[in-house]
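Subject: The model for you to look at

Hello,

Here is the structure I promised to pass on. Please open it next to this message and follow along.

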Amino acid sequence: MAWIDALFHRMVEVGASDLHMTSGLRPLFRQSGDMTPIDGAPVIGPDEMRQVLYEIVPERNRAEFEESHDTDFAYEVEGLARFRANLFMDRNGPGAVFRQIPSEVLTAAQLGLPKAALDFCMLSNGLVLVTGPTGSGKSTTLAAMIDHINKTRTDHIITIEDPIEFVHRQQRCLINQREVHRHTQSFKRALRAALREDPDIVLVGEMRDLETIEIAIETAETGHLVFGTLHTNTAPSTVDRIIDQFPADRQNQIRAMLASSLKGVIAQTLCKKKPKGRAAALEILVVNTAIAANIREGKTHGIVSAMQMGGKLGMKLLNDSLLELVRAGTVEPSEAFLKSVNKDDMLAKLQSIGVSFDPSKFGESAEVPSAIAALPGAASAARPQPAAAAPQPRAPMPQQPAAQAAPSAQHAPATQPAPAAQPAANAQPRGWTDPFEQFKKQRPG
């Protein structure tokens, strides 16, 4: 057994999503979104790090790493899990990051995917994109959708990945999984070859360049269902990203092609759950006649309005999804605000359900600012002064991440009634200034 396998076993035990290895430091886990050093793990120097990593690196990847100082591969511990690996070189020496891939594919029901996402799995042709920042769970969502298709349809599925992450077993569908640099030279070469392999559904792990995007759109237009991923935060920005990849003289043609071939976008963001774990907030775009017209005419700014009116089709904006997680008590309001793209709108939505907090206090300490939740109808209750709040012990880092210290607030004594002379809830403490006031005054209208 390789030395690093012991860390992988511990990683699965504690439920960590990633293992970080850096020369000159102790290995770290990412748990519930926080970086935590591994208790008892030794500091690993550059020479020892190279030896530890080369114990599991395939020969081809070793040669690639020596030449370019970067390489990607997949590693499996039999009976435990698969791991997506990236080796790199930095100023300290060799390092690596390993992402845990469960041996069993999580189902759509386990992930809680909405009906609109499952409806994409029943399409016969078109382009469906799952987007989000790195580490937002795009591969997990796509794997659950492919698994749903595998259980409900009788089709031929080809996946093109770098590397292969989730391994799909044959159920009702025939599935061929190809890995870039191992089974094919590139995404674009494998995608072109897929058209001659009688596929019904093609999954493209990453749409990295213009040519891959163009072939994916053409494949969707020729009667195939294509799933792909992009690193964008919202559905409207996904449309802009695709169009902006092309030269200006081709953008009108691509808008027309995308308007007819794009069927939907799932943009997702991972949030820290209470008290631990991760929860996905999904923004869902279902392309209807109005949205297709906006894409064709270059009016992507109108997509948000069309999504707000498309709730019956399952469309949902990111802030609405974040608000649902706050209502359910799954995430802290401060976490929802942090993950929101349109923060002014998020603040308004939180206030509409009686939740308020001071966004200006972000970054003042290592602790996430705790939100003050008020019951509906209690808007006129007095806001407690900061000095009157129960003192919270500072969580030691990194053994006890700050985000996990928030639940201790549940044991704080109840808020004392405000004196008669206490200002109203919307009044601020003496000397307090609204950091956004000047910005608000400069806004038109």
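Below is what I found in it, going from the whole chain to one sheet and one helix.

First, how to read it: this is a predicted model, in which local features need pLDDT of at least 70 and side-chain atom pairs count only at pLDDT 80 or more, while totals for chains, interfaces and linings use all residues. Residues are numbered from 1 along each chain as its sequence is written, and side-chain values use heavy atoms, leaving out hydrogens and water.

**The chain as a whole**

The chain has 16 helices and 15 strands; helices (H or I, at least four residues) and strands (E, at least two) are DSSP runs, numbered from the N terminus. Of its 445 residues, 43% are buried, meaning under 20% relative accessible area with a 1.4 Å probe, protein chains only. Taking contacts (heavy atoms within 4.5 Å) between residues at least 6 apart in sequence, 57% join residues at least 24 apart.

**How far to trust it**

The mean pLDDT (the predictor's confidence in each residue, from 0 to 100) is 84, and 81% of the residues reach 70 or more. Among the elements, strand S7 (residues 126–131) has the highest mean, 98, and strand S15 (residues 372–373) the lowest, 36. Over residues 363–427 the pLDDT is below 50, and this stretch has 62 contacts in the model beyond near neighbours in sequence. Where pLDDT is low, the predicted coordinates should not be read in detail.

**A six-stranded sheet**

Six strands form an open antiparallel sheet in the order S3-S2-S1-S6-S5-S4; strands pair if DSSP finds at least two bridges between them. Its edges are S3 (34–37) and S4 (70–77), each pairing on one side only. At the S3 edge, S2 (residues 28–31) pairs with S3 over four bridges, and glutamine 31 has aspartate 34 in S3 as its bridge partner. Helix H3 (residues 59–68) lies across S4, S5 (81–90) and S6 (93–102), running at about 150 degrees to S4. That angle is taken between N-to-C directions, from 0 to 180 degrees, with axes fitted to C-alpha atoms, for helices over the stretch in contact.

**Helix H8**

What does H8 pack against? Its buried residues, including Ile213, Ile217 and Ala220, pack against S7, H7 (187–194), S10 (201–204), S11 (225–230), H9 (235–244) and H10 (251–261).

Happy browsing!

Key. Buried means under 20% relative accessible area, exposed over 50%, partly exposed in between (1.4 Å probe, protein chains only).
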